[in-house]
Amino acid sequence: MSDMNGLDLPDFDEDGFDDAEPDEDGDDSPADGFDDGPDCDRLEDELRRAAAVLDPVPAELYRIAVEAYALHDLDARIAELTFDSLTDAIPVRGVLDPPRMLTFRTGELSVDVEVTSEGLMGQVLPPQAARIEVLSGPRTAAPLTADDLGRFTCDAPPAGPFALRLRTGAEVVVTEWLRA
């Protein structure tokens, strides 16, 4: 080892590589300085924070990445809006804030949704368990779970444009986007 400004550095030969012998057990992983211990995790966290401050991801690139990720389930079936109480229902006299009733259909699967100022509730038909995500902008809300009868609820009403992504047994279904 050569000493340069108080640092112990490995000796390199003319090809630029350290040709030192491996440890006695034949494994030179700890000697190479790259173990996967807690120090490595801490160093990675510090480097990520430094990169976020010194070289942040441009906002436009972040937006493009989020939009590209939205296509990760591109092979999902699109559920078409077949009923919307705003356009298809007969208004009821005396009701100031009626719930919005929506029906989406794709193949044999349909989703009935009621949107109110308190949230939304719905049912997947034919009744089956499903995981449902309320899509609204670049982030999805916490996933909802439909019970064995296909019923689901969400306490937060969608703000702005929204869609639903349903994951049933073997398929993914995404509804059309609507304004709440």
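**Figure 1. Strands S5 and S6 pair in the antiparallel sense, over seven bridges.** The model shown here and in the other figures is predicted. Between S5 and S6 runs a hairpin that joins the two strands through two residues. One position to look for in this pairing is glutamate 114, whose bridge partner in S6 is methionine 121. S6 also pairs with S10, again in the antiparallel sense, and here the pairing covers four bridges. Glutamine 123 has arginine 151 as its bridge partner in S10.

**Figure 2. The chain as a whole has three helices and 13 strands.** The chain contains 180 residues, and 23% of them count as buried. Its accessible surface is about 13,200 Å², with 57% of that area belonging to carbon and sulfur atoms. If contacts are taken between residues at least 6 apart in sequence, 44% of them join residues at least 24 apart.

**Figure 3. The largest nonpolar core has 21 residues.** Val113, Ile132, Phe152 and Leu164 have the most contacts inside this core. The elements that give it two or more residues are S4, S5, S6, S7, S9, S10 and S11. Of these, S5 gives the most, with four residues. As a general background, nonpolar side chains in soluble globular proteins tend to be buried together. Isoleucine 132 can serve as a point of reference in this view: leaving aside residues up to four places away in sequence, isoleucine 132 touches Val124, Pro143, Leu144, Ala146, Phe152, Leu164, Arg165 and Leu166.

**Figure 4. Threonine 106 lies in strand S4, which spans residues 100-106.** Threonine 106 has a relative accessibility of 10%, so it counts as buried, the cut-off being under 20%. Its contacts, not counting residues up to four places away in sequence, are Arg77, Ile78, Ala79 and Val173.

**Figure 5. Glutamate 108 sits in the loop between S4 and S5.** The relative accessibility of glutamate 108 is 73%, and therefore this residue counts as exposed; the cut-off for that class is over 50%. Glutamate 108 touches Leu125 and Pro126, when residues up to four places away in sequence are not counted. Glutamate 108 and leucine 125 are 17 residues apart along the chain, and their C-alpha atoms are separated by 8.2 Å. The peptide bond from leucine 125 to proline 126 is cis, with omega near 0°. In general, most peptide bonds are trans. Proline 126 belongs to the loop between S6 and S7.

**Figure 6. Two salt bridges lie within helices, one in H1 and one in H2.** In the salt bridge between the side chains of glutamate 44 and arginine 48, the N to O distance is 2.9 Å. These two residues are separated by about one helical turn because they are four residues apart in helix H1 (residues 38-54). Glutamate 44 is partly exposed, with a relative accessible area of 36%, whereas arginine 48 is exposed, at 54%. Glutamate 60 forms a salt bridge with arginine 63, and their closest N and O atoms are 2.5 Å apart. Here the two residues are three apart in helix H2, so about one helical turn separates them. Glutamate 60 counts as partly exposed at 44% relative accessibility, and arginine 63 counts as partly exposed at 38%.

**Figure 7. Glutamate 133 and arginine 165 meet in a salt bridge between their side chains.** The N to O distance is 3.5 Å. This pair links distant parts of the chain, as glutamate 133 is in strand S7 and arginine 165 is in strand S11, 32 residues apart. Glutamate 133 is buried, with a relative accessible area of 9%, and arginine 165 counts as buried at 7%. Salt bridges that share partners join Glu133, Arg165 and Arg167 into one network. In general terms, side chains of opposite charge can pair when their charged atoms come close. The count of salt bridges comes to eight.

**Figure 8. Val57, Leu61 and Tyr62 form a nonpolar patch on the surface.** Together these residues have about 320 Å² of accessible area. Leucine 61 is placed in helix H2, which covers residues 59-69. With a relative accessibility of 49%, leucine 61 counts as partly exposed.

Key:
Residues numbered from 1 in each chain as written. Predicted model: local features only at pLDDT ≥ 70, side-chain atom pairs only at ≥ 80, totals over all residues. Heavy atoms only, no water. Buried < 20%, exposed > 50% of the residue type's maximum accessible area, 1.4 Å probe, protein only. Contact = heavy atoms within 4.5 Å. Areas by Shrake-Rupley, 256 points an atom, 1.4 Å probe, with all protein chains shown as cover. Core = buried A, V, L, I, M, F, W, Y, C linked by side-chain atoms within 4.5 Å. Patch = residues over 30% accessible without salt bridge, like charges linked within 9 Å, V, L, I, M, F, W, Y side chains within 5 Å. Salt bridge = Lys/Arg side-chain N within 4 Å of Asp/Glu carboxyl O. Pairing = 2+ DSSP bridges.
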